[in-house]
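Hello,

Here is the structure I promised to pass on. Have a look at it first, and then read my notes below.

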Amino acid sequence: MEGFQCVAKVEEIPPGQVKVVKVNERGIAVFNIDGQFHAIYNSCPHEGGPLNKGRVKGHVVSCPWHDLAFDVRNGQGTDGGGYCVGSYDTVSGAMMCGWKTGRCLSGGGARYSRASDCLGAA
């Protein structure tokens with residue numbers, strides 16, 4: 001796909017796991033929750049905590065530093081405090097990434113789609 005880059009193979013992220021990938025020098029946490037892939041910026045907007053190290057409960061990940069929580073499906077903070085992280089769309093196949101406008105007011109996002117073969121996995 002033109003404008004997209006391969007970031008991982010689906011089998012690299014088993015259900016219940018998370019993998020950090022780099023896109024344009026930005027860390028993105030890709031979560032596999034019950035076979036569904038969700039991707040958000042890996043850095044908490046409060047003080048930069050690594051969200052991939054946080055506790056995941058359902059579709060919510062908590063920052064390991066100060067417990068701010070974000071819905072991995074859309075990047076929105078769950079505490080009503082206005083924090084959010086950039087989120088990324090996902091579709092099934094090999095994980096591919098290309099930039100688009102994000103849903104979070106504080107940043108951009110990317111679109112993930114999948115192809116049948118992905119040789120350049122990060």
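Going along the sequence, the chain runs β-β-β-β-β-β-β-β-β-β. That is ten strands and zero helices, where helices (H or I, at least four residues) and strands (E, at least two) are DSSP runs numbered from the N terminus. Please keep in mind that this is a predicted model, in which local features need pLDDT of at least 70, side-chain atom pairs count only at pLDDT 80 or more, and totals for chains, interfaces and linings use all residues. Residues are numbered from 1 along each chain as its sequence is written, and side-chain values use heavy atoms, with hydrogens and water left out.

Now to the chain as a whole. It has 122 residues, and 42% of them count as buried (under 20% relative accessible area, with exposed over 50% and partly exposed in between; 1.4 Å probe, protein chains only). About 6400 Å² of the chain is exposed, with 48% of that supplied by carbon and sulfur atoms; these areas come from the Shrake-Rupley method with a 1.4 Å probe, and for residues only the protein chains shown count as cover. Among contacts (heavy atoms within 4.5 Å) with a separation of 6 or more, 37% link residues 24 or more positions apart.

And how many disulfides does the structure hold? Zero, taking a disulfide as a pair of cysteine sulfur atoms within 2.5 Å. For Cys-44, the nearest cysteine sulfur is that of Cys-63, 3.9 Å away. Cys-63 is likewise in no disulfide, with the sulfur of Cys-44 as its nearest. Cys-44 counts as buried because its relative accessibility is 3%, and Cys-63 counts as buried because its value is 2%.

Best wishes
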